[in-house]
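Q: I would like to learn how to read a protein model, one feature at a time. Could we go through it together?

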Amino acid sequence: MTDLESRPTKRSIPVPNQNLESKPFWDAAKDGRFLIKRCSACDKPHWYPRTMCPFCASTDTEWVESKGEGVIYAFSVMRRGTAPYAIGYVTLDEGVSLLTNFIDYDLDALEIGQRVRLKWSPTGQSNPPVFTFAPV
Amino acid sequence: MKMSVKGKAYVAGIWEHPLRYIPHRSTAQVHAQCAKGALEDAGLSFSDVDAYFCADDAPGYGAWSLADYMGLKLKHADSTRDGGSSYIVHAGHAAEAIAAGKCKVALITLAGRPLGSRAGLGEAAIRTESVVPQGSHGGVDEVPEAGFEGIWGYTTHNTYAMCAMRHMYEYGTTSEQLAWIKVAASHHAQWNEHARLRNVVSVEDVLESPMIADPLHRMDCCVTTDGGGALVVVAPEIAKSLKRPLVKVIGHGEALKGPRGGLDLDLTASAGVWSGQQAFTEAGITPTDIKYASIYDSFTITVLMELEDLGFCRKGEGGKFVADGNLISGVGKLPFNTDGGGLCNNHPDSRGGITKVIEAVRQARGEAHSKVQVPNCDLVIAHGTGGWLGTRHGAGTLIMERE
């Protein structure tokens, strides 16, 4: 049983895995740019980013910069484990929903529908930061 | 009449990747490229595909990652691992499924980069402790969603919990209503001498148990147990030569669901919407005909959503449906999980599917515990959800009839 009193207050987020398809995203993240994919054939955005559009199978997809703003679609605060943390989906203003963690929030004050904004969290050394979100 | 694949299926599309060294693409990309090539050769497109077959060269867990990557909407999936011969076996299994009317367009893919995976990324090829689907092939980096999702600490608890949160937000479902599912399971478990938890609990007990992942309490979660089970499925002539009650399969359905590109995300419905519809259509019956239901209860929310998805009540009305003992045998309208289910009895190796079929067969045979046996139990259903309800999951539905 974990000693709740002595737990760390923040979950440390691991370094994200990269492959050849996702590398441009993480390279842009290092420059503070948050990219999503949009299909040039059907004009729909998608998440997570792929070379092939999951809606029309076109490989004519392009990276576009997102403003990184949206609303909480769903969330859950994990109360057990090494440190409490909030996982959730954010629906970006561009229309796609993504899985993330919330930071800089009151553990008991998150709400579905609440507006949130991208706030990069470092993962150490020369690693890329990750796309966490915080209440506006 | 003898059932055979003879003449029931055709190989309509083929495509072999032209390269022998692929350092510049992800493995998922190569799978998709092969898929596209074979579909184009056949004159078909991704939207025509209703069945997908892959082996353990496919990154991710079973068919989930690649099906979601390619945006497939499936009635049938098969990730049988049979080494290098997998794809021949898959072609045979595809023919069986097509002959049985389970699907019409089956896609089979193979791709791997034993040479190219060592090049390309160089210093960027970072291996981390991210959550990875078990049994992934080709390393974590090749699971296409891993870098974007594995870092957020997703567990079964908090991904199912997010679905509960959204269901509460959209439909006003309450923790008290969810608790009734555990209460009903505990009423059944008290009669099962092998059950992990045999105490009858109240709604208050559930609500007072520690919060694990909002809004799920400890008693909203299933037990962790060792154990196992087995099933034997036979041909009609064998069944009739044996001395056991005749319980026949009359309907089956399966489906996968993931975030599907992140547009129109809906965490309040599972793949059971599709697997259930297939099974009921094949069986030629409706949910009101069902006398007993084994419903996968990894968490209370799983049961509530599955009941809605299968059509036992309308979407959003699951909370009302499960309340006030409606799932308790002898008390309510739909007796469920009379062995105590995963919530109280057993969840061997964190996989509850087989015990769902076992208890449904006991009920159909009239061999359940006398305190929970449903009278004249001639039509039963076993339904399950595997994986992460809030990210990628599969659903299977089996309807059986006692002759």
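A: Gladly, and we start with burial: a residue is buried if 20 or more other C-beta atoms lie within 10 Å of its own, exposed if 12 or fewer, and partly exposed in between, with C-beta atoms placed from the backbone. Helices (H or I, at least four residues) and strands (E, at least two) are DSSP runs, numbered from the N terminus. This is a predicted model, in which local features need pLDDT of at least 70 and side-chain atom pairs count only at pLDDT 80 or more, while totals for chains, interfaces and linings use all residues. Residues are numbered from 1 along each chain as its sequence is written, and chains are lettered from A and ligands numbered from 1 in the order in which they are written.

Q: Which residues of helix α9(B) are buried?

A: A general idea helps here: an α-helix has 3.6 residues a turn, so residues three or four places apart point the same way. In α9(B), the buried residues are B:G272, B:W274, B:S275, B:G276, B:A279, B:F280 and B:A283. Their cover includes β6 (247–257), α10 (300–310), β8 (379–387) and β9 (393–402) of chain B.

Q: How far does α9(B) reach from its first C-alpha to its last?

A: The expected span of a helix is 1.5 Å times one less than its number of residues. Helix α9 of chain B (residues 272–283) has twelve residues and reaches 16 Å, close to the 16 Å expected. Just after this helix, B:G284 takes a positive phi of about 70 degrees.

Q: Where else should I look at phi, and at the peptide bonds?

A: Most residues other than glycine have a negative phi, and most peptide bonds are trans. A:A57 is not a glycine, yet has a positive phi of about 65 degrees. It sits in the loop between β2 and β3 of chain A, and it is buried because 20 other C-beta atoms lie within 10 Å. B:D324, also not a glycine, has a positive phi of about 60 degrees. This residue belongs to the loop between α11 (318–322) and α12 (341–345) of chain B, and it counts as partly exposed because it has 15 C-beta neighbours inside 10 Å.
As for cis peptide bonds, one joins A:W47 and A:Y48, with omega about -10 degrees. Another runs from B:D214 to B:P215, with omega near 5 degrees; B:P215 lies in the loop between β4 (211–213) and β5 of chain B.

Q: What does B:L216 touch?

A: Two residues are in contact if their C-beta atoms, placed from the backbone, lie within 7 Å. Not counting residues up to four places away in sequence, B:L216 touches B:H157, B:Y160, B:A161, B:A164, B:C221, B:F299 and B:I301. B:L216 and B:H157 are 59 residues apart in sequence, but 7.7 Å apart in space, C-alpha to C-alpha. B:L216 is in strand β5 (residues 216–217) of chain B and counts as buried because it has 26 C-beta neighbours inside 10 Å.

Q: Which residues of the largest nonpolar core touch the most other members?

A: In soluble globular proteins, nonpolar side chains tend to be buried together. A nonpolar core is a set of buried Ala, Val, Leu, Ile, Met, Phe, Trp, Tyr and Cys residues joined through C-beta atoms within 7 Å. The largest one here has 94 residues, and B:A164, B:I181, B:L216, B:I301, B:A360 and B:V380 touch the most other members. Helix α6 (residues 175–189) of chain B gives the largest share of this core, eight residues. A second, separate core has 38 residues, including B:A28, B:A32, B:M70 and B:I108.

Q: In what order do the three strands of the open sheet in chain A come?

A: Two strands pair if DSSP finds at least two bridges between them. The order in this sheet is β2-β1-β3, with antiparallel pairing. Its edge strands, β2 (45–46) and β3 (61–65) of chain A, each pair on one side only. Five bridges join β1 (residues 35–39) of chain A to β3(A), and A:I36 stands opposite A:V64 in β3(A).
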